[in-house]
Amino acid sequence: MLVDLSHTIRAGLVTYPGLPAPSIQPHLTREASREVYAAGTEFAMDTITMIGNTGTYIDSPFHRFADGADLAGLDLATLVDLPTVVVRHRDVTARSVEAIELPDTIARGSAVLIDTGWDRHFGTPAYGVDAPFLSEQAAERLVDCGVALVGIDSVNIDDSSAASAGRRPIHTTLLRHGIHVVEHLTNLAALPDHGARFTAVPPRVEGFGTFPVRAYARVPD
């Protein structure tokens with residue numbers, strides 16, 4: 001069974017408060033295409049203008065480090081069919097996900113997905129307020145485990161509140177070690193704690209650090 005873990009991108013969608021929403025415009029309408037193609041043949045061609053941080057997206061090392069791998073430099077083996085561990089952090093008062101909440105054993109090359117339930121606020125002003133995030137100790141533990149990717153269903157894997165003073169230690173730690181970050185996941189409650197296989201692949205764009213992905217997991221029947 002395949003479980004879709006991505007938000008739908010639509011014109012005007014605000015993913016991250018303060019960043020621009022995507023604009024979708026027709027380049028060639030179906031009506032206009034009738035003047036170009038044979039009778040009974042029509043097409044629609046559209047343009048989209050958006051920041052890479054739109055919808056459910058991946059951060060490559062280039063997002064944080066000028067000499068890091070960009071989207072075109074990512075190894076498909078670190079993006080496709082990854083053994084998956086889901087960490088539950090729902091209905092708790094603490095915003096930070098701590099190292100003690102991680103499983104004792106996490107296999108190298110895994111995708112670790114943080115299920116906070118915060119996706120219920122996606123697209124609303126509440127999404128950016130007091131959102132859950134990963135602690136520095138948890139990030140360091142994941143580096144030690146040699147994971148391939150870390151995802152979260154929250155607005156940022158770092159604390160993005162004013163109290164953070166612009167620090168982004170989780171992005172820094174993970175991306176420095178070539179561990180991809182996927183933010184704004186959804187529907188993680190539908191996955192088992194272990195046994196799923198996660199995939200999130202962006203287009204192969206040079207000189208670009210972030211881009212939407214169609215994130216999904218294969219769950220054993």
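What covers the buried residues of helix 2? Let's start there, keeping in mind that this is a predicted model. The cover includes strand 6 (96-97), strand 7 (111-115), strand 8, strand 9 and helix 3. The residues being covered are Ala-138, Ala-139, Leu-142, Val-143 and Cys-145, which are buried in helix 2. If you look down the axis of helix 2, these buried residues fall within an arc of 160°, so they line one face of the helix. Just after helix 2 comes Gly-146, with a positive phi of about 75°.

Helix 3 is a good next stop. This helix spans residues 169-176 and is mostly covered, with 7 of its 8 residues buried. The buried ones are Pro-169, Ile-170, His-171, Thr-172, Thr-173, Leu-174 and Leu-175. They pack against helix 2 (136-145) and against four strands: strand 4 (57-59), strand 8 (133-134), strand 9 (149-152) and strand 10 (180-183). A glycine follows this helix too: Gly-178 has a positive phi, near 75°.

Now let's turn to the charged side chains. The structure holds 8 salt bridges. One of them joins Arg-214 and Asp-4, with N and O 2.7 Å apart. This pair links distant parts of the chain, 210 residues apart: Asp-4 belongs to strand 1 (residues 2-4), while Arg-214 sits in the loop between strand 12 (210-212) and strand 13 (216-218). As for their surroundings, Arg-214 is exposed, at a relative accessible area of 58%, and Asp-4 is partly exposed, at 32%.

Another salt bridge brings together the side chains of Glu-42 and Arg-34, at 2.8 Å from N to O. Glu-42 counts as partly exposed, with 32% relative accessibility, and Arg-34 is likewise partly exposed, with 46%.

A further salt bridge pairs Asp-193 with Arg-88, whose closest N and O atoms are 2.9 Å apart. Asp-193 lies in the loop between strand 10 and strand 11 (194-199) and Arg-88 lies in strand 5 (residues 82-88), so this contact ties together parts that are 105 residues apart in sequence. Asp-193 is partly exposed, with a relative accessible area of 37%, and Arg-88 is partly exposed as well, at 31%. The story does not end with this pair, for Arg-88, Arg-90, Asp-115 and Asp-193 are linked in a network of salt bridges.

So which acidic residue is buried yet has no salt bridge? Asp-70 fits that description, and the nearest side chain of opposite charge, that of Arg-204, is 7.7 Å away. A salt bridge calls for the nitrogen and the carboxyl oxygen to be within 4 Å. You will find Asp-70 in the loop between strand 4 and strand 5. There, a polar atom of the Asp-70 side chain lies 3.1 Å from the backbone nitrogen of Ala-72. Leaving aside residues up to four places away in sequence, Asp-70 touches Ser-60 and Phe-62, along with Val-205, Glu-206, Gly-207 and Phe-208.

Terms used:
Residues are numbered from 1 along each chain as its sequence is written. This is a predicted model: local features need pLDDT of at least 70, side-chain atom pairs count only at pLDDT 80 or more; totals for chains, interfaces and linings use all residues. Side-chain values use heavy atoms; hydrogens and water are left out. Buried means under 20% relative accessible area, exposed over 50%, partly exposed in between (1.4 Å probe, protein chains only). Helices (H or I, at least four residues) and strands (E, at least two) are DSSP runs, numbered from the N terminus. Contact means heavy atoms within 4.5 Å. Lys and Arg count as positive and Asp and Glu as negative; His and the chain ends are not counted. A polar contact is a pair of N or O atoms within 3.5 Å; within protein, one must be able to donate a hydrogen and the other to accept it, and residues adjacent in sequence count only if both atoms are side-chain atoms. The arc is that of the directions from the helix axis to the C-beta atoms.
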